[in-house]
2 protein chains.
Amino acid sequence: FNPTTQNGIPDIPSGPLDIYRKKASFSWKQMLQFLEGDEIIAFKQHVFRTLESDPLFARQPGEDIPVEQKRELAFRRCKQLFKYDFVTRDDVMQNPWKMTILNDCLGMYDWSLGAKYFLNKGVSPFHILLMLCLSEFVISSPDFEAAKFWVGNLGKTATHSVVFAQLYTPDGQCHGLHSFIVQVRDPKTLLAMPGVMVGDMGKKLGQNGLDNGFAIFHNVRIPRENLLNKTGDVTPDGRYVSPFKDPNKRFGASLGALSGGRVGITRMALVNLKLAVTVAVRFSATRRQFGPKEDEEIPVLEYQLQQWRLLPFLAAVYALEHFTRSFCMNFVEFQIGLLMKDKSDRQAELGREIHAMSCASKPLGSWTAQRGIQECREACGGHGYLAMNRLGELRDDNDPNCTYEGDNNVLLQQTSNYLLRRIESPLETVNFLEDMNSILQRKFTVGSVEECMNPGVPLAAYKWLVCFLLGESQRKLFHEKSSGLGDFEARNNSQVYYCRSLAIAYIEHTVLQRFHDLIQDEQTPAALRSVLGRLCALYGLWTLTNHMAILYQGGYFSGRQPVDFIHTAILTLCGQLKDDAVALVDVIAPPDFILNSPIGKADGELYKNLWSTVMQGKNVLERPSWWAEFCSDKPAVGSLRAKL
Amino acid sequence: FNPTTQNGIPDIPSGPLDIYRKKASFSWKQMLQFLEGDEIIAFKQHVFRTLESDPLFARQPGEDIPVEQKRELAFRRCKQLFKYDFVTRDDVMQNPWKMTILNDCLGMYDWSLGAKYFLNKGVSPFHILLMLCLSEFVISSPDFEAAKFWVGNLGKTATHSVVFAQLYTPDGQCHGLHSFIVQVRDPKTLLAMPGVMVGDMGKKLGQNGLDNGFAIFHNVRIPRENLLNKTGDVTPDGRYVSPFKDPNKRFGASLGALSGGRVGITRMALVNLKLAVTVAVRFSATRRQFGPKEDEEIPVLEYQLQQWRLLPFLAAVYALEHFTRSFCMNFVEFQIGLLMKDKSDRQAELGREIHAMSCASKPLGSWTAQRGIQECREACGGHGYLAMNRLGELRDDNDPNCTYEGDNNVLLQQTSNYLLRRIESPLETVNFLEDMNSILQRKFTVGSVEECMNPGVPLAAYKWLVCFLLGESQRKLFHEKSSGLGDFEARNNSQVYYCRSLAIAYIEHTVLQRFHDLIQDEQTPAALRSVLGRLCALYGLWTLTNHMAILYQGGYFSGRQPVDFIHTAILTLCGQLKDDAVALVDVIAPPDFILNSPIGKADGELYKNLWSTVMQGKNVLERPSWWAEFCSDKPAVGSLRAKL
């Protein structure tokens, strides 16, 4: 039985965490309703409750499950998801955001299940790329190096694969990369097709429910109809025809479409961070250690150091929550344009801006999650090192977000290339660059810590920072080229400390600007503005601390005060937010069943939850199977102790 | 067959990595001989070859082994290690360093095996602490919260446990923490003793060969003789007697002894970083992507960005290699003093200085390894995400180094407490503070990038930084106390940005100073000074970049030049070191069998090694056992594609 209030939000199980809940400055249900809305809240509850009610989805925290069994479980659960059919065609048309929310929900349960489901559903943003030599529709991998790893579902079960290959027509001409459907397994037997070697890459650091595979082709003949002819086709007599006159436009369309994966990953990384922060904040609010008096221990959340370790990541969750949501909506707008065959300049500019944003938001999101999960794991001490508390799984499952769909560091180059070109900006993320010269004249003129706690302070600093780094990057590129380097080397030598920093500062500014705008928005309930403002200021000041040396170098900062003010403002904001932290986490937390972490449970009965999980483990109190061997032939112990 | 040269160092298997080896500016064998010496080189080879020759130690990269089987394997291998008896009593007495080297070697193979072995050997620096109510030698845990987790070997096999408990004599007086030996299992059956509940904590993020356990006692009576009476004893008639008159001295002796664990962990973290850097550098030197010309791809190590991501961690390996070695020797000196019952002031001061150093070196080492392994994993892209390449295991096994034997952040307080007291420094790590006032007058006066590449530049900056942060910390503490806070709160509010930064800067300075002194040393071969100097400068400048805002804030830096020079110097040093990187890694790498990472193999046959490992995996090309179910009842796929 789940008690539900009239607005449809179930109450949180009560317990020791209530001490903090009572101190909160806002209503977590109001915040949830503001952020999600009734429809999404009801949808998420439906998904969560359906999974919780189905024994196939039952699990024990920290279970040790072999990879093969993980694959089987993911397969069975995936099949079940198709039966549940949580999002129908009509649902998606009415509210495209539901697709992302479903992915959030499945990912909170298990990312490899979510990935497997969406790959099978055929709407995955993830693409399969095999570098192959293809001529006359006979496909061969030149050697092992050309076999592509990592294709999702290909390890065990995929029967067909989309293959990107260079297309050569009989006249010997190469028409560039095209996509083909190649049958890799017999759907009746799951055995590989003749000429195809298809297999499983083996264990990964995480997401082992998903079977990633490789494929190697040896003279496999495929029917002409299997060319996916959206961008080009070959006639029966071997001629190449393409609807795109301008190869640049074709490239532009691809750029936009390829952004989907990165938009999605930014969101997925955020979901991981939400779960980790939930676990660590609830743990910190119930775990007591030491105190000003000998006989009373205080929750570790009361320590400034613990606040400083965790609360900036909680602020990042709220900043990225709004950013990923609004960014997904931008992407939907772009996709609608594609469907409508919108050939306007704005549509093309939108594609490039979204490409630039996604190439930086994926690094920002995945790294923030990576560092945040690690900090949460360490902040939970030994409990964080127990598999049952899930922080390890979150870290392992988040990890590929840093490298797939483009390595983070490499992607950032795409963003800086866009900024250096300074083209149109339908989403207004770079409009302020028009005032570059006047912005660069500005200085940090904050007169007090109180003033520094205004989100406008880091926002103004970021505007200066992006302008400064843009100027520095241009100068650096020019200098490298002037010294005789080619374009390739000049760009490579301008990444570290220049273009890379520029791209990061740009996306941090964008996230901050959007969060700032949200708080200013009339629709935002007055009762929530204060706590949202603190989160915004904390996020902005905290990310800004990574750039303070540059702010000094370029003269925006001078003297002692800027660093003093910013540091004090961060710690003051942490102190103000610590009593809101548990309520802020209640807003983002899934039900206990989904979170699956004893120390992160909503009631905060830390030790009860931990002990019952330990005791329910496998063979907890049992002797090992090899006990007799241990007892019969023991090595002499302690032989060296006397000497040391 | 291992080809061995006349000085006893086997040659490295040749292959594609030879391209870089030929470019190296120094002889890797000379470097190895300088760092390790003939005796240790031979000893390590003996250990490595013995393990490689024993089928019990055979393994496949990336194998998926259940936790229970990991425990059994570790047990069997541990037993075998007792037979091999690599280090005899005489060996340890002649060369105490051999014990650390044996731990290095076993850890390179598998940390949980190393831990299990040394715990059984009875010379582990790791301690067991149970908070219990103990009176009249009847021992009871008050509740679940008081049960202590994490005791190594206790999960499955330990028969006796050392328990720390408050000692109450019959007169009701408490004599503080004392240690007792309590029998927890019957050695003949491995079943728990009456009144003892002892069990396994379950799966951890890593080191699962080691069975960590918990114990709860219910009125367990233990013999009086089981009190470990080094610091106090109870007579048969129930009176308490202690050889220590001064409780402070007793505490001081404990402080020193407890440092052993942290000294060891600093070294263990370094070993993890060595392995990760070896994998990532060898991968980067053989993995080719893109290039200035269309038809030729260049090794990713040629990219400045990749150099900047990896080479500072390679420099950290060399800096920490020398630091951990010299610090272990300091600790041996301290231990000899303890054995000799040295009651001098110097011995007491040495204990406190080692305590302060170890409380900062453990955080520095474990965090550097944590971040370095993560960077290596990302720098290897998808290959780094494959379990077989071992970067995940290294990260998981290194992870507890950040939190056990004291949480890193909490430990740093111990170091800053020492610095704020400014007492004697037998190891001379704080002697320069005597010149604090004149050091604080200094400025950064470097005139060129070339000058900036001198290790003396970051060293001088660190001296100023430690002095500045010490002054700031004192001021902050004074300010907090003046505002009416008690000692507990005042200290807590002075950690972030003050005492914590101070402790980190202090240990970074110490590591850098020792590395700098090594290069200046007459014994250091002239042919190695150039490359060691570059590593030292790179390490110093790179760690210094974390503190540049403070250097500006305090006025040590001003204007544009300092940051420009330092950034350019770092990138220039990376460029100079990239041709030495493979040889530098050859010095620190264990044999392929121990490293157990296809992409990190010494011959650099990247794809051959990777593919043969993939193909040797379990069920690579086989259908899943549930294939029939998959084929018979497939969900409809692609149902949504048409709409999106």
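Okay, let's start inside one chain: between domain 1 of chain A and domain 2 of chain A we count 2 salt bridges. Keep in mind that this is a predicted model.

For orientation, chain A splits into domain 1 (37-121), domain 2 (133-234) and domain 3 (249-585). Where domains 1 and 2 of chain A meet, 10 residues of domain 1 are in contact with 11 residues of domain 2. Together they bury about 930 Å², and 54% of that comes from carbon and sulfur atoms. If you want names on the domain 1 side, look at R71(A), S112(A) and K116(A): they supply 55% of the area that domain 1 buries against domain 2, more than any other three residues.

K116(A) turns up again in a salt bridge with D211(A), where the closest N and O atoms are 2.8 Å apart. Polar contacts between these two domains of chain A come to 6 residue pairs, both partners at pLDDT 80 or more. On the domain 1 side, the elements giving two or more residues are helix 4 (67-84) and helix 7 (111-121) of chain A. Helix 7 of chain A has the largest share there, with 6 residues. By class, that side of domain 1 divides into 5 nonpolar, 2 polar and 3 charged residues.

Right, now the two chains. How many residues does each chain put into the contact? Chain B gives 129 and chain A gives 129. The area buried between them is about 12,400 Å², with 62% of it on carbon and sulfur atoms. On the chain B side, Y385(B), Y497(B) and W611(B) supply 7% of the area buried against chain A, and even that is more than any other three residues.

As for charges, there are 18 salt bridges between chain B and chain A. One you can pull up on screen is D399(B) with R377(A), at 2.5 Å, N to O. Add to the picture 50 residue pairs in polar contact across this interface, again both at pLDDT 80 or more. Helix 4 (residues 67-84) of chain B brings 8 residues, the largest share of the side that touches chain A. That side of chain B has 63 nonpolar, 29 polar and 37 charged residues.

Last bit, symmetry. Chain B superposes on chain A by a rotation of 180 degrees with 0.0 Å of shift along the axis, RMSD 0.0 Å. So that's the relation of a two-fold axis. In chain B, the C-alpha nearest the axis belongs to A549(B), 2.2 Å from it. And the same surface serves both copies, as 100% of the contact residues of chain B recur in chain A.

Technical notes. Residues numbered from 1 in each chain as written. Chains lettered and ligands numbered in written order. Predicted model: local features only at pLDDT ≥ 70, side-chain atom pairs only at ≥ 80, totals over all residues. Heavy atoms only, no water. Least-squares fit on C-alpha atoms with pLDDT ≥ 70 in both. Contact = heavy atoms within 4.5 Å. Domains from an automatic or database assignment. Buried area = accessible area lost by both parts, 1.4 Å probe. Salt bridge = Lys/Arg side-chain N within 4 Å of Asp/Glu carboxyl O. Polar contact = N/O pair within 3.5 Å; in protein donor to acceptor, adjacent residues only side chain to side chain. Helix = DSSP H or I, 4+ residues; strand = E, 2+ residues; numbered from the N terminus. Nonpolar A, V, L, I, M, F, W, Y, C, P; charged D, E, K, R; others polar.
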